[in-house]
Amino acid sequence: MRTTVLVHPPTAVAAVAAVALTAALGVVGALPATAGPGPSPSPTTAPARDLGREVIAPGDGWASWSGVTRPEGVARTAAPTTGGAAAGPREVYVVDTWQELRDALAGKPGGSQTDARRNTVPRVVYVRGTIDAWERPDGTRTTCEDLQSQVTVEGTGAPFAMSDYIAAFGPGIDPSGPLETARVAAAALQAAQTLQHVGSNVTIVGVGDDATIVGGSLRVRDASNVILRNLTLSDAYDCFPQWDANDSGGNWNSAYDNVSVWTSTSVWVDHNTFDDGAHPPATLDTVYGRPFEVHDGLIDITHGSDLVTVSHNVLDEHDKTSLVGSSDSRTQDRGQHRVTYHHNHWIDIGQRAPRVRYGDVHVYNELYEQTKAALYPDGVGFQYYLGAGRESSVVAEENVFELLPATDPAKILAGWGGTQAKITGSLVNGAPFDVLAAYNATAAAPLSADVRWDPAAAYSSRPQPAAEVAATVRAQAGAGVLPSGSPASDREPGTFRLSHDNGWDTGLHDGAYTVTATLWWGSNGTVAKLYEDGVLVDAAWLEGTSPGRQQVAFDVTGRTNGEHVYVVEVLNPWGTSTSAPLTVQVRDANPAKAVLRHDNRDGDGTFTVTASLWWGTNADTYVLYRDGVEVDRQALTAATPLAQRASTDVTGLAPGTYVFTAELSNAAGTTPTAPLTVVVRR
């Protein structure tokens with residue numbers, strides 16, 4: 001199926017705008033790279049950018065690096081992160097429900113988490129408004145109580161309740177038995193509801209300043225080349241946390257990160273806002289003497305993941321915020337966990353900003369801000385920012401720490417079995433401060449500043465002076481800062497009208513025609529998708545000239561006789577519009593009816609049978625039957641609607657009466673001739 005896009009800008013200025021938009025959309029060979037850590041234009045004055053087509057800038061941290069990576073020991077060749085920028089028009093989605101997001105990531109309606117995790121087709125997914133992972137299709141919300149009521153506690157016949165679980169155990173006791181088994185089963189139901197895998201070659205971006213995913217946990221797993229931008233990712237709430245009596249004297253541990261990166265490479269997480277939504281630490285109950293923690297990390301990078309850049313994000317009011325490397329025992333992570341953090345704003349977090357195991361991690365131009373002395377009702381608050389874990393090599397440059405007066409700056413750095421960390425250019429409450437020296441002054445195992453790697457040898461980072469960082473980060477970090485959307489439109493597309501030319505070219509309604517979608521005036525689209533009888537059959541990129549006319553033509557061929565109903569869905573980052581249906585009647589797709597004749601005038605059994613199609617849809621195959629038995633078959637060259645002829649020489653027939661029929665066929669069907677009777681007399 002061939003697609004033609006026709007754009008008719010009303011003025012020369014619009015023509016120039018169309019050229020500019022083509023470049024901005026990133027036509028093949030000209031995909032735009034975003035700016036690095038420099039200032040972003042104000043969203044109120046700068047033109048909108050189609051973030052779905054943007055790729056990481058050269059030198060923007062480890063996610064811009066090329067080379068070999070080995071998650072779980074399996075070699076991959078990495079390239080700078082482009083996400084879904086190579087997506088075809090069929091693979092562009094605008095979503096505003098959790099199910100729509102899941103379908104887009106799986107690549108089909110109702111697709112499984114395995115489908116989503118293994119999907120490698122380049123895709124761009126635009127998120128609009130608030131998506132609630134707990135919301136049902138009818139608008140009501142699933143609750144924790146709904147999930148636990150579906151699980152029966154073995155041996156009791158009673159539904160599971162987290163309150164029964166809490167009542168049955170206590171400090172110093174690790175839960176076990178039927179209640180723990182039931183908790184695990186309820187947790188599995190929640191995972192099916194709120195955990196969403198993200199596969200390879202995908203860009204997920206928010207549109208505008210309010211794109212939010214609430215209650216969901218995005219897990220980039222076994223993937224490569226992923227971009228997450230301009231999203232508020234909030235409250236990955238765990239209904240059924242596990243009590244671990246042996247974790248630092250006892251802790252409630254939750255299962256879900258707002259974003260987790262597992263066994264994945266080349267991931268860019270940029271300009272997002274992470275928080276705990278309606279359940280910040282201060283609202284949590286105390287159970288067994290510990291906060292009933294319902295969150296895990298905001299963004300954790302584990303299980304051998306590699307080549308990740310986390311930039312221009314806001315991470316707000318959370319305890320265990322960002323972990324790199326999940327376990328000291330995972331020695332297979334050596335050489336992995338290369339991560340860059342820059343221009344992020346960490347506000348009132350407790351720890352892990354980040355905590356690192358094994359990785360070569362670059363932390364520069366970060367703003368760490370304290371406004372609250374305590375996070376939890378029991379008074380527990382800040383513990384540390386930078387955690388040097390086993391075999392890690394952290395390089396921290398030109399970072400800013402705004403601490404409360406009671407906070408000891410020596411706690412900025414914590415040792416978790418690491419041996420090295422290079423920390424330079426730090427400002428603490430506006431004054432230069434040697435973070436490493438302050439830590440080493442009291443540490444039982446001081447850290448060496450002789451790190452094993454140099455960021456400048458890996459990529460061309462250019463840290464700002466620390467004195468400029470606070471203002472830059474406050475202006476640039478977080479969701480809703482980038483002027484997102486479409487350069488050509490500031491709202492969803494207008495409604496297109498459909499037409500067709502079936503029967504106009506040859507007078508035949510023969511299954512070969514053009515369906516044209518036209519927007520006469522209004523907000524333009526960037527993608528048009530053609531649905532035939534409810535099935536997506538073609539798609540095309542569009543160039544925008546809002547509010548000028550926009551048109552796209554889809555060539556349709558090979559359709560069989562009958563009615564075919566067409567709808568065109570047009571979308572841009574702001575939303576979608578759907579045309580009214582157009583019905584096309586095909587009645588001449590099969591070959592026209594041919595006429596048989598013969599020249600057996602002397603009746604001697606040697607003659608020619610000829611099938612003549614005088615006008616109409618041609619065939620590509622001719623078959624002749626004698627008394628129901630095939631006697632000849634020929635390939636024909638179609639030249640619709642011109643005449644078509646096929647002949648068969650017949651010899652040596654004995655006297656008698658013979659009935660001949662022929663069938664003319666093409667891809668649409670077969671048309672028989674009327675029977676022809678031939679009498680052989682001698």
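**Group meeting talk: aromatic pairs and a few single residues**

Let me begin with Val-565, which is partly exposed, with a relative accessible area of 31%. I should say straight away that what we are looking at is a predicted model, and everything that follows should be heard with that in mind. Val-565 belongs to strand E41, which covers residues 562-572. If we set aside residues up to four places away in sequence, Val-565 touches Tyr-531, Glu-532, Asp-533, Pro-581, Leu-582 and Thr-583. One of these is worth a second look, since Glu-532 is 33 residues from Val-565 along the chain, and yet the C-alpha atoms of the two are separated by 5.7 Å.

Let me turn to Lys-411, which sits in the loop between E31 and strand E32 (413-416). Is this lysine buried, exposed or partly exposed? At 35% relative accessibility, Lys-411 counts as partly exposed, because buried means under 20% and exposed means over 50%. Apart from its neighbours within four places in sequence, Lys-411 is in contact with Phe-382, Gln-383, Tyr-384 and Tyr-385. Between Lys-411 and Ala-517 there are 63 Å in space, C-alpha to C-alpha, with the two lying 106 residues apart in sequence.

Now to the aromatic residues, where a search of the whole structure finds 20 aromatic pairs. One of them is formed by Trp-62 and Tyr-459, in an edge-to-face arrangement, with 5.6 Å from centre to centre and 75° between the planes. Where along the chain do Trp-62 and Tyr-459 lie? Trp-62 is in the loop between helix H1 (12-25) and strand E2 (67-69), while Tyr-459 is in the loop between helix H8 (455-458) and helix H9 (466-476), so that the pair links distant parts of the chain, 397 residues apart. Trp-62 counts as buried at 4% relative accessibility, and Tyr-459 is buried as well, with a relative accessible area of 5%.

A second pair brings together Tyr-368 and Phe-401, and here the ring centres are 4.8 Å apart with the planes at 5°, so the pair is stacked. Tyr-368 lies in strand E28 (residues 367-369) and Phe-401 in strand E31 (residues 400-402), and the pair therefore ties together parts that are 33 residues apart in sequence. Tyr-368 counts as buried at 0% relative accessibility, and Phe-401 is likewise buried, with a relative accessible area of 0%.

Beyond pairs, there is an aromatic cluster made up of Phe-160, Tyr-165, Phe-169, Phe-240, Trp-243, Trp-252, Tyr-288 and Phe-292. On the subject of annotation, the UniProt record, in an unreviewed entry, lists residues 156-407 as "domain: Pectate lyase". In the model, that span is 10% helix and 40% strand, and its end C-alpha atoms lie 51 Å apart.

Aromatic rings also meet charged groups here. The charged end of Arg-355 sits over the ring of Trp-416, 4.1 Å from the ring centre, and Lys-529 lies over the face of Tyr-93, at 4.6 Å from the centre of that ring.

Tyr-93 takes us to my last topic, strand E4 (residues 92-95), from which Val-92 and Val-94 point one way and Tyr-93 and Val-95 the other way, with all of them buried. E4 runs parallel to strand E5 (residues 123-127), and four bridges join the two. Which residue of E5 is the bridge partner of Val-95? That partner is Val-127.

Technical notes:
Residues numbered from 1 in each chain as written. Predicted model: local features only at pLDDT ≥ 70, side-chain atom pairs only at ≥ 80, totals over all residues. Heavy atoms only, no water. Phe/Tyr/Trp six-rings, centres within 6.5 Å; stacked < 30°, edge-to-face > 60°. Buried < 20%, exposed > 50% of the residue type's maximum accessible area, 1.4 Å probe, protein only. Lys NZ or Arg CZ within 6 Å of the ring centre and 35° of its normal. Contact = heavy atoms within 4.5 Å. Pairing = 2+ DSSP bridges. UniProt positions renumbered as here; feature names shortened; annotations may be inferred.
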